[in-house]
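Work through the exercises below with the sequence and the structure side by side. Each task is followed by a solution in steps.

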Amino acid sequence: MRRIVLDMKGGLLSEAVMQSLSGCDPDFLIYRSSKPEETLALCRTCRANVLVMEVIRQGIWKLSERLKICSAVKQLDWTCKVLLLVVRTRINCLPPKCGRR
């Protein structure tokens with residue numbers, strides 16, 4: 001079983017990711033962190049294999065805060081991969097010509 005922790009602000013994107021992962025492989029166990037402050041503890045408790053975090057422009061979901069959680073996850077006694085989801089409509093961190101057609 002693969003254990004995946006989702007730490008996303010909520011809303012439609014969060015539900016879409018959760019449903020996609022659930023439908024993709026029955027061996028995935030998906031846990032949702034209720035708030036970023038609890039994410040690391042949840043990863044420890046369930047021994048997460050993957051941590052998926054959404055990055056937005058402000059608050060506790062901004063990149064600098066997410067990188068702190070990434071550093072803490074690297075200190076765990078097992079390998080937990082981290083995926084940062086950046087939604088361009090929520091954060092403008094790309095160079096002007098990057099990814100535009």
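**Exercise 1. Determine which residues of α3 are buried, and where they sit around the helix.**

Step 1. The buried residues of α3 are R66, I69, C70 and V73. This is a predicted model, and buried here means under 20% relative accessible area.

Step 2. These residues lie on the same side of α3, because the arc they cover around the axis is only 105°.

Step 3. The spacing follows a general rule: an α-helix has 3.6 residues a turn, so residues three or four places apart point the same way.

Step 4. K68 and K74, on the other side of α3, are exposed.

Step 5. The cover over the buried residues of α3 includes β1 (2-7), α2 (39-46), β3 (50-55) and β4 (81-86).

**Exercise 2. Compare the span of α3 with the expected value.**

Step 1. Helix α3 takes in residues 63-74, which is 12 residues.

Step 2. From first C-alpha to last, α3 reaches 16 Å, close to the 16 Å expected at 1.5 Å a residue.

**Exercise 3. Describe the surroundings of R66 in helix α3.**

Step 1. The relative accessible area of R66 is 0%, so R66 counts as buried.

Step 2. The side chain of R66 makes a polar contact of 2.6 Å with the side chain of D7.

Step 3. Neighbours within four places in sequence are set aside; R66 then touches D7, P36, M53, E54, V55, I60, W61 and L84.

**Exercise 4. Work out the strand order of the sheet and find its edges.**

Step 1. The 4 strands form an open sheet in the order β2-β1-β3-β4, and the pairing is parallel.

Step 2. The edge strands are β2 (28-32) and β4; each has a single partner strand, so one side of each is left without a neighbour in the sheet.

Step 3. On average, neighbouring strands of this sheet are turned by 20° against each other, direction ignored.

Step 4. β1 and β3 run parallel and are joined by 4 bridges. I4 has V50 in β3 as its bridge partner.

**Exercise 5. State which strands α2 and α3 touch or lie across, and at what angles the helices run.**

Step 1. α2 packs on the sheet and touches β1, β2 and β3. The direction of α2 makes about 170° with that of β1.

Step 2. α3 lies across β1, β3 and β4, and runs at about 170° to β3.

**Exercise 6. Repeat the burial analysis for α2.**

Step 1. In α2, the buried residues are T39, L40, C43 and C46.

Step 2. Their arc around the axis is only 145°, which puts them on the same side of α2.

Step 3. Elements covering the buried residues of α2 include β1, β2, β3 and α3.

Step 4. After α2 comes R47, which has a positive phi, near 50°.

**Exercise 7. Place these elements in the protein chain as a whole.**

Step 1. The protein chain has 3 helices and 4 strands. Along the sequence they follow the pattern β-α-β-α-β-α-β.

Step 2. Of the 101 residues in the protein chain, 33% are buried.

Step 3. Among contacts in the protein chain with a separation of 6 or more, 67% come from residues 24 or more positions apart.

Key
Residues numbered from 1 in each chain as written. Predicted model: local features only at pLDDT ≥ 70, side-chain atom pairs only at ≥ 80, totals over all residues. Heavy atoms only, no water. Helix = DSSP H or I, 4+ residues; strand = E, 2+ residues; numbered from the N terminus. Expected span 1.5 Å × (residues − 1). Buried < 20%, exposed > 50% of the residue type's maximum accessible area, 1.4 Å probe, protein only. Arc of directions from axis to C-beta. Contact = heavy atoms within 4.5 Å. Pairing = 2+ DSSP bridges. Axes fitted to C-alpha atoms, helices over the stretch in contact; angles between N-to-C directions. Polar contact = N/O pair within 3.5 Å; in protein donor to acceptor, adjacent residues only side chain to side chain.
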